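Subject: Structure handover

Hello,

Here is the structure I promised to pass on. Please open it alongside this note. My findings follow below it.

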Amino acid sequence: MRVRSTSARALPRAAGLLGAALLALLGAATPAGAAAGDMLSVDSVGTLASDGTVTLSGTYQCSTGGAVFVTSNLRLGQSEANIGDGVRALCDGNKHGWISQGKPAQLHPALGAARVEATLTHLTQGPAWWLPVLPEFLAQQGQDITLVASGT
């Protein structure tokens, strides 16, 4: 009969505890919901320039301090692309407008119906060096829109 050393038996137990601690940290980083004053909207009309640049807009309101951004994705059928690099939000409790512009290379936008998914995201410092930034989703909004030619 083979007898395992104490350290060989402790290794799987330690790995299990480490995994459980990681799951607890990740679960704690997930927000339960947006604060009462957090709000995000998407305008029902976006514009498409002749060079393929898409402009999307809307409003937001937040009071969370730190790094907060509005990001937007444009969906046409089964294809989706991020528009712009994200807009830095000013979270002072007041309502503000946001505008994102971008020329999505992997998406060929056309005039007409589309869908926008926008997110108001707070980036927080992670609990450990290997998890440096965690996103906290303050508000999300999906909106069917119409893309019209810019200047109309």
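Start at Glu117, which is partly exposed with a relative accessible area of 30%. Bear in mind that the model is predicted. Glu117 forms a salt bridge with Arg115. Their closest N and O atoms are 2.9 Å apart. Arg115 is partly exposed too, with a relative accessible area of 28%.

Arg115 has a second partner. Its side chain meets that of Asp144 in a salt bridge, 3.0 Å from N to O. This pair links distant parts of the chain: Arg115 sits in strand 7 and Asp144 in strand 8, 29 residues apart. Asp144 has a relative accessible area of 51%, so it counts as exposed, the cut-off being over 50%. Arg115, Glu117 and Asp144 are thus linked in a network of salt bridges.

The structure holds three salt bridges. One of them joins Glu80 to Arg75, with the closest N and O atoms 2.4 Å apart. Glu80 is partly exposed at 32% relative accessible area. Arg75 is partly exposed as well, at 30% relative accessibility.

Now the overall layout. The protein chain has one helix and eight strands. The helix comes at the N-terminal end of the order, which runs α-β-β-β-β-β-β-β-β. Of the 152 residues, 30% count as buried. The chain exposes about 9200 Å², and carbon and sulfur atoms supply 57% of that area. Take contacts between residues at least 6 apart in sequence: 69% of them join residues at least 24 apart.

Next, the strand pairing. Strand 7 and strand 8 run antiparallel and are joined by 15 bridges. They form a hairpin with two residues between them. Within this pair, Val116 of strand 7 stands opposite Gln143 in strand 8. Strand 7 also pairs with strand 4. Those two run antiparallel, with nine bridges between them. There, Phe69 stands opposite Thr121 in strand 7.

What about the interior? The largest nonpolar core has 25 residues. Those with the most contacts inside it are Leu40, Tyr60, Cys62, Leu74, Trp98, Leu120 and Ile145. Several elements give two or more residues to this core: strand 1 (39–42), strand 3, strand 4, strand 5, strand 7 (112–128) and strand 8 (131–149).

Leu74 is worth a click. Leaving aside residues up to four places away in sequence, Leu74 touches a list of residues that includes Val54, Ile83, Leu107, Val116, Ile145 and Leu147. Glu80 and Arg115, both met above in salt bridges, are also among the residues that Leu74 touches.

Last, the cysteines. How many disulfides are there? The count comes to one disulfide. It joins Cys62 to Cys91, with 1.9 Å from S to S. The link is left-handed, with -80° about the S-S bond. Cys62 lies in the loop between strand 3 (54–61) and strand 4 (67–76), and Cys91 in the loop between strand 5 (79–88) and strand 6 (95–102), so the disulfide ties together parts that are 29 residues apart in sequence.

Are the two cysteines buried or exposed? Buried means under 20% relative accessible area. Cys62 has 1% relative accessibility, so it counts as buried. Cys91 has 18%, so it counts as buried too. Cys62 also appears above, among the residues with the most contacts inside the largest nonpolar core.

Best wishes

Technical notes:
Residues are numbered from 1 along each chain as its sequence is written. This is a predicted model: local features need pLDDT of at least 70, side-chain atom pairs count only at pLDDT 80 or more; totals for chains, interfaces and linings use all residues. Side-chain values use heavy atoms; hydrogens and water are left out. A disulfide is a pair of cysteine sulfur atoms within 2.5 Å. Helices (H or I, at least four residues) and strands (E, at least two) are DSSP runs, numbered from the N terminus. Buried means under 20% relative accessible area, exposed over 50%, partly exposed in between (1.4 Å probe, protein chains only). A nonpolar core is a set of buried Ala, Val, Leu, Ile, Met, Phe, Trp, Tyr and Cys residues joined through side-chain atoms within 4.5 Å. Contact means heavy atoms within 4.5 Å. Accessible areas come from the Shrake-Rupley method with a 1.4 Å probe; for residues, only the protein chains shown count as cover. Two strands pair if DSSP finds at least two bridges between them. A salt bridge is a side-chain nitrogen of Lys or Arg within 4 Å of a carboxyl oxygen of Asp or Glu.
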